[in-house]
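Student: I would like to learn how to read a few features of a protein model. Could you take me through them one at a time?

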Amino acid sequence: LTGTNHNHLTHTDQSSRRGDMKHSFKQNNSLKSHKKLCRTILIGIVSFLVLTFLEVFLLSAVSLIPRSAIRKHTQESAEYLLEKPVFYRVVKQDPASNIDHYADAILLNILYHFDSAHPVTSPLTASYYYTETHNENENLYTAVTSNVTPTYDYFRYWHGSTIFIRPLLTILNIRQIYIFFAIILAVLFIVLFTQLTKSGYTICALAMSVALLSVSFWFIPMSLEYIWCFLIMLIAGILTILLYQKKQEVSGLFFLLVGNITAYFDFLSTETITLLFPLALLLVLMQKNNRLCDAKTGFKIILSRSVCWGIGYLASWIAKWTITSIALNRTIFAKALSSASTRVNGDAGSLHGPVLSINAFLRNIACIFPFNFMKGYGYIAAIGVFVLLLMVYYLFRKNEKKNYMPWLFTVLYCIPYIRFLTLANHAFLHYFFTYRAQFASIFCLCMIFYYGVDWNLVSKKFLKPRKRHRTNTRKS
C-alpha cells in the first residue's frame, strides 16, 4: 500500500510539474509577445516623430531661399497660368480631362510668401494673397508683380510639395516643372513595370497598365495636385517588392510612414491609392511564396496594414495642427475640423444626404476611360459593363473552395467607393480628380479575374480545338 501511494503521489507530482512548466512557458511567450509589441509601438512612435521633425525642417529649409531667387520663374508661371481658366478641359466632351490650376496657383502663391526671416512660422501658417473678386491665377499674378501682403492663412494642409517646387522655381517655371514630373512619373512606371516582369509578376504589370489607362494617366502630370499620390504610390510599390524580396515581409511601420508622407504631400485628392496598391502587391507576393495560407491570414494583413497607414495619415494631420497651434500660439483645431466636417456632411447645391452620395458615386465612375466619352451616359455604361463582368465571372469562376484571393481583392476594390460615399461633398465637387482613386479598384478587379476565373474553362469554351490529321500507314 505504501508503495502504491508513493507511485501515485509521484505521478501526480510529475503531472503538476508538467502543468507548471506549460504555464511558465505560456507566461514567457506572453511576456515576450508583450515586449515585442511594446518595442514595435515604440519604434513606430519614434520613427513617426523623426519623420515629422524632418518634414518641418525641410519646410523651414526651403523657406530660407530668398524670394528674389524664385521671383523670375514664379512670374513666368503666373503668366502661364493666366493663359487659361483655373479649371478647364483639354478635351471638351471629356470630363476626365479637367485640369485644376486653381490649387496650383494657390500653392505657388503660398510658397512665394514664405518668409526667410521667419523660416518656421511662415511655412506653417501658409499665408497667401487672396481676394474674392479675382480668380486664384489673377491673385497669384498680383502677388508676384505688386508689393502686396498675404490676406489668407491656409494652415490646414502641410503643403509638403513646396520642398520640391520652391527649389525648382529657381531654375524652372511651372510649365517646365510639369514636364519634369511627367518624366519622373514615366521613369517610376518603367522601373516598377520592369521590376514586376523580371520577378515573374507579369500579370500585375499588365493590371497596373490597364488601371493607369482607365484613369487617363496622360492628364496626371498637367496638374501638380494630381501627381503626388501617384508618385508616392509607385515609389511605395517599388519599395514593397524590394523589402519583401529582402526580408520576406513588409511591416506595418512601412505603411505607417507611407500614410504620414501621403498626408504631407497630398491635397486630399486620391490618397487611398498609396495604401491599396502596395497592399495589393503585398498580397500577391505573399500568396506566390506560400506565406498567405488562408483567408483569415489575408484579412489580418489587410486590417493591420490599413490601420497602420490610417494612423500615420491621421496622426500627420493632427501633428500639423498641433505644431502650428504651438508655433503661432493659437488654436486652429476648430477651423480645421469644421472644414473636415464639410467634406463629410456638407451639401452640394440642392443635393444632400444619400442623394448626394449616390450622385458623387455616379459622377466618379462616369470618368473611367472609355466611359468618359459617353456624354452624360458614362455611368450607365460603367454599371452595365460591371454587371456583364459579374456574369462572366459567375459563369467561369473556379470551383475551388479555398480560393480566397478574389475575396481579399474584393475588400480592397470597395474601399475607394466607400470613400466616395462617405466624403460625398468632396467627391461630388472634385470628381474630376477624385475619380482616379479607382486606379486601385481597377487593379484589384483585374486580380480578382486572374485568381478567380478558370482560364482553362474559358479557353475550352472560346478557342477552337485544332483538327487532328490522321495519317494512313501501309502494312508491311
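Tutor: Gladly! Let us begin with Cys229, which counts as buried at 1% relative accessibility, where buried means under 20% relative accessible area, exposed over 50%, and partly exposed in between (1.4 Å probe, protein chains only). This is a predicted model, in which local features need pLDDT of at least 70 and side-chain atom pairs count only at pLDDT 80 or more, while totals for chains, interfaces and linings use all residues. Residues are numbered from 1 along each chain as its sequence is written, and side-chain values use heavy atoms, with hydrogens and water left out.

Student: How many disulfides does the rule give?

Tutor: A disulfide is a covalent bond between the sulfur atoms of two cysteines. The rule asks for a pair of cysteine sulfur atoms within 2.5 Å, and the count here is zero. For Cys229, the nearest cysteine sulfur belongs to Cys444, 16 Å away.

Student: Why does Cys293 have no bond to Cys204?

Tutor: The two sulfurs are too far apart for a bond: that of Cys204 is the closest cysteine sulfur to Cys293, yet it lies 19 Å away. Cys293 counts as exposed, at 60% relative accessibility.

Student: Now to charges. How many salt bridges are there?

Tutor: Side chains of opposite charge can pair when their charged atoms come close. The criterion is a side-chain nitrogen of Lys or Arg within 4 Å of a carboxyl oxygen of Asp or Glu, and it yields two salt bridges. In one of them, Arg330 pairs with Asp153, with 2.9 Å between the closest N and O atoms. This pair links distant parts of the chain, 177 residues apart: Arg330 is in the loop between α12 (295-328) and α13 (333-345), and Asp153 is in strand β4 (residues 152-153). Helices (H or I, at least four residues) and strands (E, at least two) are DSSP runs, numbered from the N terminus.

Student: Are these two partners buried or exposed, or in between?

Tutor: Arg330 is partly exposed at 37%, and Asp153 is partly exposed at 25%.

Student: Which residue pairs with Arg419?

Tutor: Glu271 does, with the closest N and O atoms 2.8 Å apart. Arg419 lies in helix α16 (residues 405-422) and Glu271 in the loop between α10 (252-265) and α11 (273-288), so the bridge ties together parts 148 residues apart in sequence. Arg419 is buried, with a relative accessible area of 7%, and Glu271 is buried at 6%.
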